[in-house]
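Here's a quick look at how two chains meet, plus one pair of packed helices. Have the structure open while you read.

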Amino acid sequence: MKKLLIALLFSFVSTGAYADGHSPCGVTDGSIKILANEFTTYRIFMDEVKSCAGDGADFSVTHSVDHNKLQVAALSANPAEFSAKLVTNGSITTLMNDNLIRPLDDLVAKYGSALQDNQKIVIDGKIYAIAFMANAQHLWYRESILNDLGIAVPSTYEEVIAAAEKIKASGKMANPYAGAFKSGWNLGQEFVNMYLGHGGDFFKAGTAEVSVNNDKGVAALNMLKRLTEVSNPDFLTQDTNAVKEEWESGNVALMHVWNSGAASLLDDEGDQMIKADTRLANSPTVGGGSKPATTLWWDGFGIATNTSDANAEASFRALLGAATSTEMANANPNATIWLIDGYTPGDTAGPVVDAANRGATPYPSLPYMALLHGALSTELVEFLQGNESAEKALADVEAAYVAKATEQGFL
Amino acid sequence: MPHKTFFWFFFPSGLAMLLFIGLPIISSFFQSLHIEPEQILMEVEKCDPFGCKTETKVDIEATTKLQEEQPLGRFNGLGTYGDRNHLAFEEIKEAWSNSSSIGEFTDILLNLPFYKALLFTLTFCFAVTPPVVILGFIVALSINTITKSLKGPTIFGVILPMIVTPLIGSLVLFWMIDAKGILGATIQYLFDDPNLSLKSSSQLTWITLIIYGIWHNTPFAFVVFYAALQTVPQDPIEAAIIDGASRYDRVRHIVIPHLYPVATFIILICLMDNFRVLEPIIGFAAEGVAQSLSWMIYNDLRSENKMLFGSAGATSMLTIIGVAFLLTPVLIRTWREFRTER
């Protein structure tokens with residue numbers, strides 16, 4: 001027993017000795033704790049951050065699809081549970097509202113010479129986040145199936161539905177379309193895409209007063225309804241990752257998911273026949289509009305306000321190392337569209353560039369947008385199940401938003 | 001027991017209850033009377049990879065100052081209790097005067113988040129509790145009669161559903177009832193309908209959740225009944241056997257009356273437990289069609305914006321009142337029995 005104890009103690013000591021390793025990014029100590037969403041591109045990015053941090057720092061990363069729901073509670077604590085958070089134009093506003101991420105100007109001046117200007121997210125003259133990738137949802141299709149049935153690649157949602165119905169009628173697939181319709185954030189996002197595609201505005205200009213209960217909202221909902229009718233009947237339980245699994249199982253011929261999905265859909269795992277048959281297409285327009293019905297996103301990182309300056313600096317340097325790593329970007333050109341200097345886009349970048357060129361709207365960075373997104377997440381379900389009219393569903397969304405925004409002090 | 005001894009005996013647990021149950025309830029109540037201070041908005045220039053534009057943002061300095069002045073937030077009285085996301089007095093009044101029939105009024109009422117959640121919570125409570133008590137009793141009776149060598153493993157097997165964490169248990173079942181899972185595929189085969197999916201309609205989801213609830217709760221009823229069965233006096237049973245009473249008669253006239261107080265206890269605990277149903281809703285990804293009061297609290301505290309403490313506090317208070325209402329009949333009954341026994 002005594003020997004065992006000594007051996008155990010010894011092993012602790014020896015790991016301690018090994019910990020004094022080398023860090024390519026010059027991080028020597030401090031604690032780097034990162035909260036991030038869960039998808040393959042982020043994993044690639046985090047591997048780079050980890051190798052950049054080296055052994056000197058206490059490094060950990062938490063990947064969670066619920067990151068948006070965790071972030072406020074986790075970063076409000078002092079000291080915060082995480083020293084850094086991967087943010088997007090959607091999630092940064094919530095953190096900004098509560099002053100939970102710090103300005104990075106000093107750190108950028110000290111270490112950020114390799115950054116490109118468009119990586120700096122500047123709000124009111126201060127840098128609050130560093131972006132490293134751009135993302136958007138767009139159409140994906142199975143080439144052989146469309147070719148067999150003589151279907152042209154759809155460029156509008158009306159054509160998507162016609163194509164899906166044709167595939168269904170041919171008996172090749174029972175539910176040829178898939179989108180992330182899981183009740184919650186995903187469902188809200190589908191509405192946001194479709195409503196913007198119809199040219200809608202979420203709020204009366206310059207105010208927090210919501211206005212979605214209009215013709216465009218109704219048209220957007222009806223289009224979502226028609227899409228769900230050619231989707232798996234379990235659509236309300238399928239998030240983006242579940243949709244990608246459906247795709248890799250060969251159950252789906254058309255889907256509207258994130259460009260960064262290429263990192264897992266086009267990798268060497270899974271059915272290579274399906275991979276070889278997978279094609280990316282531009283995001284469709286809807287209702288005769290000219291803008292594609294999708295939103296543009298940037299992904300980046302912010303550093304917690306409630307963490308020590310030493311931890312903030314260590315986290316910043318490690319994350320910056322990855323956010324300026326040309327090698328990582330060029331080694332994974334199809335994982336996403338990197339915003340990193342020296343990156344040569346791969347062949348999957350087209351649909352995002354196209355969306356930007358055709359004037360797709362960036363996801364609205366408004367302080368009260370998350371409240372509306374939350375209301376959309378829960379109040380649209382009954383309409384999609386056929387238990388409620390579109391007007392009623394949108395009236396419910398507005399009422400739920402007003403109650404929440406009043407409690408939050410926006411109205 | 002003399003009063004003094006009882007006091008010192010009870011004091012530690014009483015203190016713990018006050019500290020860890022009483023105070024948090026009072027704190028939640030105070031929080032439910034407040035809402036967030038006003039958010040001061042300002043227009044600023046924002047630049048990101050897609051270009052620069054003027055956008056609205058919260059004026060952090062001004063808002064933080066307001067927050068420091070009122071750390072609890074603005075006093076709102078019972079306003080949060082009456083808003084649309086809770087008791088919705090305004091909406092109900094309007095619905096009452098505008099709807100032409102009771103059916104239409106009920107439709108509007110059950111479309112409001114709180115009443116929708118209440119309907120599911122109560123349905124779940126009253127659909128799960130009776131089968132749990134009956135099944136638990138039957139299982140306990142059957143296990144009581146099997147041979148000793150088999151008892152141990154059987155008991156272990158029976159209490160397994162209770163050992164599995166509710167979230168994990170429901171996730172496992174969620175994948176099993178998937179259209180391609182073993183249960184889902186079997187059901188499709190049995191009903192000869194390739195499009196049948198337990199996750200697609202509200203009714204089927206509700207039924208799935210209720211069956212899960214019964215599966216998860218029965219072991220608890222079984223354990224309590226089984227323990228109580230060991231205390232059934234043997235003399236009257238032997239006398240009944242001599243008198244030629246059948247097994248059914250013995251159970252009906254001796255065992256059941258003996259276990260009656262235990263059944264009350266189980267009903268009490270089951271109602272209380274099931275009123276707080278949350279994990280299966282998350283596990284089965286059923287948020288869209290089945291919301292419970294606890295899920296509302298969870299959702300308020302995990303919303304993507306600032307946590308809605310006031311709203312969560314109000315729902316918590318209403319849940320406590322709900323539990324009190326639910327338990328009153330059972331408690332009154334227990335109290336009467338207690339009095340007559342004395």
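First, some vocabulary: angles under 35 degrees count as roughly parallel, over 145 as roughly antiparallel, 65 to 115 as roughly perpendicular and the rest as oblique. Keep in mind that this is a predicted model.

Now for the helices. In chain A, α2 (residues 40-53) and α13 (residues 309-323) have axes that come within 8 Å and cross at roughly 125°. That's why α2(A) and α13(A) count as oblique to each other. The crossing of α2(A) and α13(A) is right-handed. Here's who makes the contact:

| Helix | Residues in the contact |
|---|---|
| α2(A) | Phe45(A), Glu48(A), Val49(A), Cys52(A), Ala53(A) |
| α13(A) | Ala318(A), Leu319(A), Gly321(A), Ala322(A) |

Sorted by class, the α2(A)–α13(A) contact comes out at seven nonpolar, one polar and one charged residues.

On to the interface. How many residues of chain A are in contact with chain B? There are 47 of them, and they meet 43 residues of chain B. Several elements of chain A each supply at least two residues to the side that touches chain B, including α3 (67-76), β5 (126-142), β9 (295-303) and α16 (369-379). α18(A) gives the most to that side, with seven residues. By class, the residues on the side of chain A that touches chain B split into 24 nonpolar, 15 polar and eight charged.

There's strand pairing across the chains too: β4(A) is joined by two bridges to β2 (residues 41-48) of chain B, and the two run antiparallel. Within β2(B), Lys46(B) is the residue that stands opposite Ile123(A).

Technical notes:
Residues are numbered from 1 along each chain as its sequence is written. Chains are lettered from A and ligands numbered from 1 in the order in which they are written. This is a predicted model: local features need pLDDT of at least 70, side-chain atom pairs count only at pLDDT 80 or more; totals for chains, interfaces and linings use all residues. Two residues are in contact if their C-beta atoms, placed from the backbone, lie within 7 Å. Helices (H or I, at least four residues) and strands (E, at least two) are DSSP runs, numbered from the N terminus. Ala, Val, Leu, Ile, Met, Phe, Trp, Tyr, Cys and Pro count as nonpolar, Asp, Glu, Lys and Arg as charged, and the others, Gly among them, as polar. Two strands pair if DSSP finds at least two bridges between them. Axes are lines fitted to C-alpha atoms, for helices over the stretch in contact, and angles run from 0 to 180 degrees between N-to-C directions. A crossing is left-handed if the near helix is turned anticlockwise from the far one by less than a right angle, and right-handed if clockwise.
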